[in-house]
Amino acid sequence: MTTTDMPQATSDDAAGRAEPMIRLDKLTKRYRGQSRAAVDQVTMEMPRGEIVVLVGPSGCGKTTTMELINRLIEPTSGRIYLDGEDVTTSDPDALRRRIGYVIQQIGLFPHFTVAENIGVVPKLLGWTKQRIGNRVDELLDLVGLDPSDYRGRYPKELSGGQRQRIGVARALAADPPVMLMDEPFGAIDPITRERLQNEFLRLQQQVKKTIVFVTHDVDEAIKLGDRIAILSEQSHIAQYDTPENILSNPASAYVEDFIGSGASLKRLNLSRVRDIELATDCPTARLDDELPEVRRRLVESDWSALLLLDERGRPQRWVNARDLDRTSVDLRTAGLPAVATVEPHATLSDALNEMLTSSAGAAIVVDRSGSYQGLIDFDTVMVTAKSIKRDSTEYYRAAKLSGAETAG
Amino acid sequence: MTTSTPTETTEPQTGPEPAEDTADVGATAVRRTRRKLVLRWMGMPALLALAFGALYLWVSGQELDSIEKRTLNASALTQRVIEHLQLAAVSTLIVIVIAIPLGILATRRSARYVAPVLLALGNLGQAIPSFGLITIVVLLAGVGFKSVVFGLVAYSALPILRNTMVGLQQVDQTLVKSARGMGMSPMKTLLRVELPLAVPVVLAGVRTALILNVGTATLATFFGVKALGYVIFQGIQLDRTPVLIVGAVMASGLALLVDYLAGVVEELLTPRGL
């Protein structure tokens, strides 16, 4: 972690920094006949290329705040700046074509094919058929759906996860710099959601959009957000900071209450397997290696078990000395199956989860083709969790100090 | 990817979905219903051909007197059918042109207040018995084609008006929001999203109006347009059973045929994917 991850103090030192992609200035929405504003003077900056998550209890105004950005709801007062340009009174339709938009129900048009759905905004922008067609195929590839198979399908011929992917592809169609996503994974079963979240993060690494993401799920916020704004009523910002800092130093009892008691466990969502050093000294052998050779390797190591890999280096079985001493040993069935595998992308929380469910005591790290990279054990996870807390606490104190200096 | 099972790691790009199978089943189901549709489309014409065929054979077997012959000959009957269809078609077209735009208007945010007024007028038109309604029009404007059409229009406006409104109101508002959020103007949203999705309901209204008009057009004989009502009325007045039966069967058969054709059009015009 470096100091660039630090939250930027509010706009008083704006001169020295790049213009944020989105800037909201005292944005307010007051509905007619209501004395209280639904969104009250929200001022915030969303930096380029980051995922900013708006999270808060239902009715806190997070969706309203998002819809103020693309002016589906017109603000009562305040200004909206997109890439430095004041768009508060510009043509709303033109503005929205520059902003990708995904809602919880996805909102794919049932009478449009997948290709037509993705092509909506390019068509509005007057692209040629040829260019739209190419873009559609490119995007389908990007979200991992085979263009020739899916281009001509109707939404009802897709599963929930596929619809969600098309929704994201549609929002990306005209390559807008900004995307607004309103609980896009809300209505999807937990297993698919997990996978889509990971895909979404991988996609974001490629496209580097500025994304405003609304959710009520604090775990999702921690997992996806580069920055999280925890909102209370009337969209008041209770804390706007990196997930690390919010978990380590909740700004108020409200924030603490909202992130809940599992904060130390949640912190494991912040580190990824690839960020920590793997144990690589575990003895391994191939399934087709000679038995005496396998025995020798196990004996010569400090380990009590050896990992057997197949011809492509993929983990297959765990065997210990006793398994190898039996009279007739078939390496393909000896010992226990090698379960609890994780990829470098996975969070430590995922790794821990794998360990606990498989009771293996260690998770096997494999690359994307499934071949063995190393091991990660329980102790490593715990040590890392503690050090994240220590680091972020220190940074947070430093930030507060420097903030106090600028203010004074 | 967090956890990885062998299948996922071997082809991570395709991201296999557990529900993919059901999606394919969905596609096959669409194909199957198309086949069923064709079967259903054959049923009604076959039935009508049978009925008309039987009627023709029966009438040909009868000794017709001169009075009957004057009504029951090909050219006279064709003329009656044409008159009948003209009444129904013209009045339905006029209703479509008037009621669909009004229905759209009544569902726009800025003109919501007109909805109750329009519905009240439509209800009024339908609540008055059709015979009475046309009589009133004829009393005001005299007998003739135009008066009858006017009466039919007033009588059949409600189904199209109401169905247009309901059809537009039942469009999933998240789709409208989605369209607006992507930068479609209100007019584009109406034309490309709301109306296509309302088509099945609107067409059901058009079909109802058309059937009402085909049915009610039999009354036109009392107001100066012969149509098929004339044949029935002659049968009753002159006490000629064959004439009465031919008029009745043709009027009913025509109504069924029109309803059938409207149904086919309805299915053809319903956007795919719905």
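1. **An open sheet in chain A.** In this predicted model, strands 15, 16 and 17 of chain A make up an open sheet, arranged in the order 15-16-17 with mixed pairing. Its edges are strand 15 (341-342) and strand 17 (372-377), each of which pairs on one side only.

2. **How strand 15 is joined.** Strand 15 and strand 16 (residues 362-366) of chain A run parallel and are joined by two bridges. If you would like a place to start looking, find A:V342, whose bridge partner in strand 16 is A:V365. As background, the strands of a sheet pair through backbone hydrogen bonds, and the pairing can be parallel or antiparallel.

3. **The largest nonpolar core.** Now for the packing. The largest nonpolar core holds 59 residues, and those with the most contacts inside it are A:F109, A:I118, A:I166, A:M181, A:F200, A:F213 and A:I228. Which helix gives the most to this core? That is helix 7 (residues 160-172) of chain A, with five residues.

4. **A closer look at A:F200.** This residue is a handy guide to the core. Apart from neighbours within four places in sequence, A:F200 is in contact with A:I51, A:M181, A:F185, A:I211, A:F213 and A:L224.

5. **A second core.** Separate from the core described above is another one of 29 residues, with B:V95, B:L118, B:V138 and B:L161 among its members.

6. **Cavities.** Searching the whole structure turns up three cavities of 30 Å³ or more. The largest cavity contains about 70 Å³ of space. Its lining includes A:R96, A:R97, A:Y101, A:V121 and A:R170, and also B:M182.

7. **What lines the largest cavity.** Helix 2 (92-97), strand 6 (99-102) and helix 7 of chain A are the elements that give two or more residues to this lining. Strand 6 gives the most, with three residues. Sorted by class, the lining has eight nonpolar residues, one polar and three charged. Helix 7 of chain A is worth a second look, as it appears in this lining and also gives the most residues to the largest core.

8. **B:T71 in chain B.** Is B:T71, which lies in helix 3 (residues 66-71) of chain B, buried or exposed? B:T71 has a relative accessible area of 9%, and it counts as buried because that value is under 20%. Leaving out neighbours within four places in sequence, its contacts are B:A76, B:L77, B:V231, B:Q234 and B:V243.

How values were computed
Residues numbered from 1 in each chain as written. Chains lettered and ligands numbered in written order. Predicted model: local features only at pLDDT ≥ 70, side-chain atom pairs only at ≥ 80, totals over all residues. Heavy atoms only, no water. Core = buried A, V, L, I, M, F, W, Y, C linked by side-chain atoms within 4.5 Å. Buried < 20%, exposed > 50% of the residue type's maximum accessible area, 1.4 Å probe, protein only. Helix = DSSP H or I, 4+ residues; strand = E, 2+ residues; numbered from the N terminus. Contact = heavy atoms within 4.5 Å. Pairing = 2+ DSSP bridges. 1 Å grid on protein atoms, 1.4 Å probe; cavity = no way out; pocket = protein on both sides within 12 Å on 5 of 7 lines; lining within 4 Å. Points joined across faces, edges and corners; volume = space filled by probe spheres on them. Nonpolar A, V, L, I, M, F, W, Y, C, P; charged D, E, K, R; others polar.
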